[in-house]
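I have gone through the model as requested and set out my remarks as a list. Please read them with the structure open.

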Amino acid sequence: MLKKLLKKIIIMIVGKQAEELVDLLNSKKHVNEFIIAKKLDITINQTRNILYKISDYGLVSFIRKKDKKKGWYTYFWKIEILKSLEFLRGILIKRIDQINHQVKSRETKRFYICEKCNIEFNEENALLHNFTCNECGNIFTVKDNAKVLKELNKNLDKLKRELEFVDEEIKKEKERIEKIKLKELKKEEKIAEKKKLEKKLMRKSSKKKEKISKKLTKKKLVKKPIKKIKSKKSKIPKKKKIKLKKKTKKR
Ligand SMILES: [Zn+2]
(Lines give C-alpha, C1' and ligand atoms only; values in the text may rest on other atoms or scores of the structure.)
Protein backbone atom coordinates (compact mmCIF):
# COMPACT_ATOMS: atom_id res chain seq x y z
CA MET A 1 0.00 0.00 0.00
CA LEU A 2 2.78 2.41 0.93
CA LYS A 3 4.51 1.97 -2.41
CA LYS A 4 1.22 2.54 -4.25
CA LEU A 5 0.68 5.78 -2.34
CA LEU A 6 4.26 6.94 -2.90
CA LYS A 7 3.92 6.25 -6.61
CA LYS A 8 0.74 8.28 -6.70
CA ILE A 9 2.57 11.21 -5.11
CA ILE A 10 5.54 11.05 -7.47
CA ILE A 11 3.26 10.78 -10.51
CA MET A 12 1.32 13.81 -9.23
CA ILE A 13 4.48 15.90 -9.14
CA VAL A 14 6.61 14.72 -12.05
CA GLY A 15 4.34 12.54 -14.13
CA LYS A 16 4.09 8.87 -15.02
CA GLN A 17 7.58 8.76 -16.54
CA ALA A 18 9.17 8.86 -13.09
CA GLU A 19 6.97 6.21 -11.49
CA GLU A 20 9.88 3.76 -11.22
CA LEU A 21 11.74 6.33 -9.20
CA VAL A 22 9.81 5.22 -6.11
CA ASP A 23 11.31 1.73 -6.26
CA LEU A 24 14.78 3.27 -6.38
CA LEU A 25 14.31 5.99 -3.80
CA ASN A 26 12.34 3.98 -1.26
CA SER A 27 15.45 2.70 0.47
CA LYS A 28 17.04 3.07 3.86
CA LYS A 29 20.16 4.61 2.41
CA HIS A 30 20.55 7.51 -0.03
CA VAL A 31 21.00 6.31 -3.62
CA ASN A 32 23.65 7.55 -6.04
CA GLU A 33 22.06 9.75 -8.73
CA PHE A 34 24.13 8.10 -11.45
CA ILE A 35 22.62 4.75 -10.54
CA ILE A 36 19.15 6.33 -10.64
CA ALA A 37 19.85 7.79 -14.10
CA LYS A 38 21.14 4.47 -15.37
CA LYS A 39 18.17 2.50 -14.03
CA LEU A 40 15.63 4.99 -15.40
CA ASP A 41 17.58 5.09 -18.65
CA ILE A 42 17.68 8.90 -18.77
CA THR A 43 20.53 11.42 -18.63
CA ILE A 44 21.98 12.65 -15.37
CA ASN A 45 20.57 16.13 -16.05
CA GLN A 46 17.08 14.77 -16.63
CA THR A 47 17.42 12.77 -13.43
CA ARG A 48 18.50 15.82 -11.48
CA ASN A 49 15.67 17.93 -12.89
CA ILE A 50 13.12 15.36 -11.77
CA LEU A 51 14.69 15.06 -8.33
CA TYR A 52 14.95 18.83 -7.86
CA LYS A 53 11.26 19.14 -8.73
CA ILE A 54 10.34 16.62 -6.05
CA SER A 55 12.83 18.22 -3.70
CA ASP A 56 10.96 21.56 -4.08
CA TYR A 57 8.13 19.91 -2.15
CA GLY A 58 10.56 18.54 0.43
CA LEU A 59 9.63 14.97 -0.42
CA VAL A 60 13.17 13.77 -1.13
CA SER A 61 16.37 14.43 0.73
CA PHE A 62 19.94 14.26 -0.46
CA ILE A 63 23.47 14.04 0.76
CA ARG A 64 26.44 14.96 -1.40
CA LYS A 65 29.90 13.57 -1.56
CA LYS A 66 32.91 15.16 -3.19
CA ASP A 67 34.86 13.11 -5.68
CA LYS A 68 38.42 13.56 -4.46
CA LYS A 69 39.96 12.97 -7.88
CA LYS A 70 37.58 14.94 -10.09
CA GLY A 71 36.58 17.57 -7.51
CA TRP A 72 32.86 17.49 -8.29
CA TYR A 73 29.93 16.53 -6.12
CA THR A 74 27.78 13.45 -6.52
CA TYR A 75 24.33 13.58 -4.97
CA PHE A 76 22.65 10.68 -3.21
CA TRP A 77 18.87 10.72 -2.89
CA LYS A 78 16.18 9.17 -0.72
CA ILE A 79 12.42 9.59 -0.55
CA GLU A 80 11.11 11.13 2.67
CA ILE A 81 8.21 8.83 3.38
CA LEU A 82 6.51 10.73 6.19
CA LYS A 83 6.70 14.06 4.39
CA SER A 84 5.39 12.47 1.20
CA LEU A 85 2.46 10.88 3.00
CA GLU A 86 1.64 14.13 4.75
CA PHE A 87 1.79 15.92 1.40
CA LEU A 88 -0.71 13.44 -0.05
CA ARG A 89 -2.87 13.78 3.06
CA GLY A 90 -3.04 17.55 2.52
CA ILE A 91 -4.12 17.09 -1.08
CA LEU A 92 -6.77 14.52 -0.16
CA ILE A 93 -8.21 16.73 2.57
CA LYS A 94 -8.38 19.65 0.15
CA ARG A 95 -10.22 17.53 -2.44
CA ILE A 96 -12.61 16.14 0.14
CA ASP A 97 -13.40 19.70 1.23
CA GLN A 98 -14.05 20.73 -2.35
CA ILE A 99 -16.36 17.80 -3.01
CA ASN A 100 -18.21 18.36 0.25
CA HIS A 101 -18.77 21.91 -0.89
CA GLN A 102 -20.07 20.69 -4.25
CA VAL A 103 -22.37 18.18 -2.57
CA LYS A 104 -23.80 20.89 -0.37
CA SER A 105 -24.41 23.14 -3.34
CA ARG A 106 -26.04 20.32 -5.37
CA GLU A 107 -28.27 19.50 -2.44
CA THR A 108 -29.47 23.05 -1.96
CA LYS A 109 -29.25 24.79 -5.33
CA ARG A 110 -30.86 24.35 -8.68
CA PHE A 111 -28.77 24.01 -11.87
CA TYR A 112 -29.77 24.33 -15.49
CA ILE A 113 -28.33 22.76 -18.59
CA CYS A 114 -28.43 23.12 -22.34
CA GLU A 115 -28.73 19.48 -23.29
CA LYS A 116 -27.57 20.09 -26.84
CA CYS A 117 -24.29 21.85 -25.93
CA ASN A 118 -23.92 20.19 -22.56
CA ILE A 119 -23.25 23.51 -20.85
CA GLU A 120 -24.33 23.99 -17.27
CA PHE A 121 -25.48 27.13 -15.49
CA ASN A 122 -26.34 27.91 -11.94
CA GLU A 123 -29.69 29.53 -11.28
CA GLU A 124 -28.32 33.07 -11.25
CA ASN A 125 -26.55 32.71 -14.62
CA ALA A 126 -29.49 30.86 -16.15
CA LEU A 127 -31.73 33.74 -15.19
CA LEU A 128 -29.25 36.21 -16.72
CA HIS A 129 -29.39 34.20 -19.97
CA ASN A 130 -33.16 34.15 -19.79
CA PHE A 131 -32.97 30.32 -19.62
CA THR A 132 -31.89 30.26 -23.27
CA CYS A 133 -28.59 28.98 -24.66
CA ASN A 134 -26.36 31.61 -26.26
CA GLU A 135 -24.81 29.06 -28.59
CA CYS A 136 -27.80 27.20 -30.00
CA GLY A 137 -30.90 29.01 -28.78
CA ASN A 138 -32.18 25.92 -26.94
CA ILE A 139 -34.14 26.41 -23.76
CA PHE A 140 -32.43 25.15 -20.60
CA THR A 141 -33.71 22.21 -18.67
CA VAL A 142 -33.31 21.64 -14.94
CA LYS A 143 -30.29 19.52 -14.20
CA ASP A 144 -30.91 16.25 -12.39
CA ASN A 145 -28.80 16.77 -9.29
CA ALA A 146 -29.41 13.25 -8.01
CA LYS A 147 -27.14 11.80 -10.69
CA VAL A 148 -24.41 14.36 -9.96
CA LEU A 149 -24.75 13.81 -6.24
CA LYS A 150 -24.38 10.06 -6.66
CA GLU A 151 -21.16 10.57 -8.59
CA LEU A 152 -19.85 13.11 -6.08
CA ASN A 153 -20.59 10.86 -3.13
CA LYS A 154 -18.88 7.96 -4.88
CA ASN A 155 -15.80 10.14 -5.32
CA LEU A 156 -16.02 11.30 -1.75
CA ASP A 157 -16.10 7.73 -0.44
CA LYS A 158 -13.08 6.83 -2.54
CA LEU A 159 -11.11 9.82 -1.27
CA LYS A 160 -12.07 9.14 2.33
CA ARG A 161 -10.95 5.53 2.00
CA GLU A 162 -7.67 6.71 0.54
CA LEU A 163 -7.25 9.16 3.39
CA GLU A 164 -7.71 6.30 5.84
CA PHE A 165 -4.96 4.35 4.10
CA VAL A 166 -2.68 7.37 4.19
CA ASP A 167 -3.39 7.94 7.89
CA GLU A 168 -2.64 4.29 8.57
CA GLU A 169 0.68 4.52 6.72
CA ILE A 170 1.53 7.78 8.49
CA LYS A 171 0.93 6.06 11.82
CA LYS A 172 3.14 3.13 10.78
CA GLU A 173 5.88 5.43 9.53
CA LYS A 174 5.82 7.49 12.73
CA GLU A 175 6.11 4.31 14.77
CA ARG A 176 9.01 3.18 12.60
CA ILE A 177 10.79 6.52 13.08
CA GLU A 178 10.14 6.34 16.82
CA LYS A 179 11.65 2.86 16.94
CA ILE A 180 14.76 4.02 15.09
CA LYS A 181 15.10 6.99 17.44
CA LEU A 182 14.76 4.72 20.46
CA LYS A 183 17.36 2.35 19.04
CA GLU A 184 19.77 5.22 18.44
CA LEU A 185 19.13 6.57 21.91
CA LYS A 186 19.88 3.18 23.43
CA LYS A 187 23.00 2.94 21.32
CA GLU A 188 24.12 6.36 22.51
CA GLU A 189 23.39 5.41 26.10
CA LYS A 190 25.43 2.25 25.70
CA ILE A 191 28.33 4.19 24.22
CA ALA A 192 28.12 6.75 27.03
CA GLU A 193 28.09 3.95 29.60
CA LYS A 194 31.05 2.30 27.95
CA LYS A 195 32.97 5.58 27.97
CA LYS A 196 32.12 6.08 31.63
CA LEU A 197 33.34 2.60 32.43
CA GLU A 198 36.49 3.11 30.42
CA LYS A 199 37.19 6.37 32.24
CA LYS A 200 36.64 4.63 35.57
CA LEU A 201 39.01 1.86 34.58
CA MET A 202 41.52 4.39 33.30
CA ARG A 203 41.36 6.26 36.59
CA LYS A 204 41.76 3.04 38.50
CA SER A 205 44.64 1.86 36.42
CA SER A 206 46.29 5.27 36.50
CA LYS A 207 45.96 5.24 40.28
CA LYS A 208 47.54 1.82 40.30
CA LYS A 209 50.27 3.07 38.02
CA GLU A 210 50.78 6.02 40.31
CA LYS A 211 51.05 3.71 43.25
CA ILE A 212 53.46 1.48 41.41
CA SER A 213 55.54 4.36 40.18
CA LYS A 214 55.55 5.83 43.66
CA LYS A 215 56.73 2.53 45.00
CA LEU A 216 59.34 2.33 42.26
CA THR A 217 60.61 5.84 42.87
CA LYS A 218 60.76 5.06 46.55
CA LYS A 219 62.80 2.02 45.77
CA LYS A 220 64.95 4.05 43.39
CA LEU A 221 65.41 6.70 46.01
CA VAL A 222 66.51 4.05 48.37
CA LYS A 223 68.65 2.31 45.80
CA LYS A 224 70.34 5.35 44.31
CA PRO A 225 72.15 6.48 47.42
CA ILE A 226 73.43 2.98 47.91
CA LYS A 227 74.87 3.01 44.40
CA LYS A 228 76.40 6.39 44.96
CA ILE A 229 77.86 5.31 48.21
CA LYS A 230 79.14 2.19 46.54
CA SER A 231 80.69 4.15 43.72
CA LYS A 232 82.15 6.64 46.11
CA LYS A 233 83.53 3.86 48.11
CA SER A 234 85.13 2.31 45.08
CA LYS A 235 86.34 5.57 43.59
CA ILE A 236 87.78 7.22 46.53
CA PRO A 237 90.29 4.63 47.29
CA LYS A 238 91.42 4.51 43.62
CA LYS A 239 92.08 8.22 43.51
CA LYS A 240 93.72 8.08 46.77
CA LYS A 241 95.84 5.25 45.54
CA ILE A 242 96.81 7.19 42.41
CA LYS A 243 97.52 10.27 44.35
CA LEU A 244 99.46 8.28 46.70
CA LYS A 245 101.34 6.68 43.87
CA LYS A 246 102.02 10.06 42.26
CA LYS A 247 103.14 11.40 45.51
CA THR A 248 105.44 8.55 45.96
CA LYS A 249 106.83 8.96 42.42
CA LYS A 250 107.57 12.61 42.94
CA ARG A 251 109.33 11.87 46.08
ZN1 LIG B 1 -26.92 25.11 -26.43
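The points below take up the metal site, the two sheets and the two pockets in turn.

1. Status of the model. The structure is a predicted model. The remarks that follow should be read with that in mind.

2. Donors of the zinc ion. Which protein atoms serve as donors of the zinc ion? They are the SG atoms of Cys114, Cys117, Cys133 and Cys136, which lie 2.2 to 2.3 Å from the ion. The angles among the four donor atoms run from 104 to 114°, and the site is tetrahedral.

3. Spacing of the donor residues. Along the sequence, the donor residues of the zinc ion follow the pattern C-x2-C-x15-C-x2-C. Cys114 belongs to strand β4 (residues 111-114), whereas Cys133 sits in the loop between α6 (123-128) and β6 (141-142). These two residues are 19 residues apart, and the pair links distant parts of the chain.

4. The sheet that contains β4. Strand β4, which holds the donor Cys114, takes part in an open sheet of three strands in the order β5-β4-β6. The pairing in this sheet is antiparallel. Because β5 (119-122) and β6 each have a single partner strand, they stand at the edges, and one side of each is left without a neighbour in the sheet. The contact between β4 and β6 consists of two bridges. Ile113 is found opposite Thr141 of β6.

5. The sheet that contains β3. A further open sheet of three strands has the order β1-β3-β2, again with antiparallel pairing. Which strands are at its edges? They are β1 (31-32) and β2 (60-66), each of which pairs on one side only. Two bridges connect β1 with β3, and Val31 has Trp77 in β3 as its bridge partner.

6. The hairpin of β2 and β3. Seven bridges join these two antiparallel strands. Within this pairing, Arg64 stands opposite Tyr75 of β3. The hairpin has six residues between its strands, and Gly71 adopts a positive phi near 85° there.

7. The largest pocket. This pocket encloses about 280 Å³ of space. Its lining comprises 13 residues, of which Lys78, Ile79, Glu80, Glu173 and Arg176 are the closest to its centre. Two or more lining residues come from each of β3 (73-79), α5 (81-108) and α7 (145-250). Strand β3 therefore serves both the sheet of order β1-β3-β2 and the lining of this pocket.

8. Character and origin of that lining. How many residues of each class line the largest pocket? Five are nonpolar, two are polar and six are charged. Domain 1 (2-79) and domain 2 (84-197) each contribute at least three residues to the lining.

9. The second largest pocket. About 200 Å³ of space lies in this pocket. Its lining is made up of Met1, Lys4, Leu5, Lys7, Lys8, Ile11, Glu19, Lys158, Arg161, Glu162 and Phe165. Both α1 (2-14) and α7 supply at least two of the lining residues. Helix α1 provides the largest share, with five residues.

10. Character and origin of the second lining. In the second largest pocket, four lining residues are nonpolar, none is polar and seven are charged. At least three residues of this lining come from each of domain 1 (2-79) and domain 2 (84-197).

11. Points to inspect together. Helix α7 gives residues to the lining of the largest pocket and also to that of the second largest pocket. For the metal site, a view centred on the zinc ion would take in Cys114, Cys117, Cys133 and Cys136 as its protein donors.

Definitions and conventions
Residues are numbered from 1 along each chain as its sequence is written. This is a predicted model: local features need pLDDT of at least 70, side-chain atom pairs count only at pLDDT 80 or more; totals for chains, interfaces and linings use all residues. Side-chain values use heavy atoms; hydrogens and water are left out. On a 1 Å grid over the protein atoms alone, a cavity is a set of points where a 1.4 Å probe fits but cannot get out, and a pocket is an open set with protein on both sides within 12 Å along at least five of seven lines; lining residues have an atom within 4 Å of a point. Grid points are joined across faces, edges and corners, and a volume is the space filled by probe spheres set on the points. Helices (H or I, at least four residues) and strands (E, at least two) are DSSP runs, numbered from the N terminus. Ala, Val, Leu, Ile, Met, Phe, Trp, Tyr, Cys and Pro count as nonpolar, Asp, Glu, Lys and Arg as charged, and the others, Gly among them, as polar. Domain bounds come from an automatic or database domain assignment. Two strands pair if DSSP finds at least two bridges between them. Donors are N, O and S atoms within 2.8 Å of the metal (3.2 Å for Na, K and Ca); water is not among the atoms, so sites may look incomplete. Four donors count as tetrahedral if all angles lie between 85 and 135 degrees; four count as square planar and six as octahedral if opposite donors are over 155 degrees apart and all others between 65 and 115; anything else is irregular.
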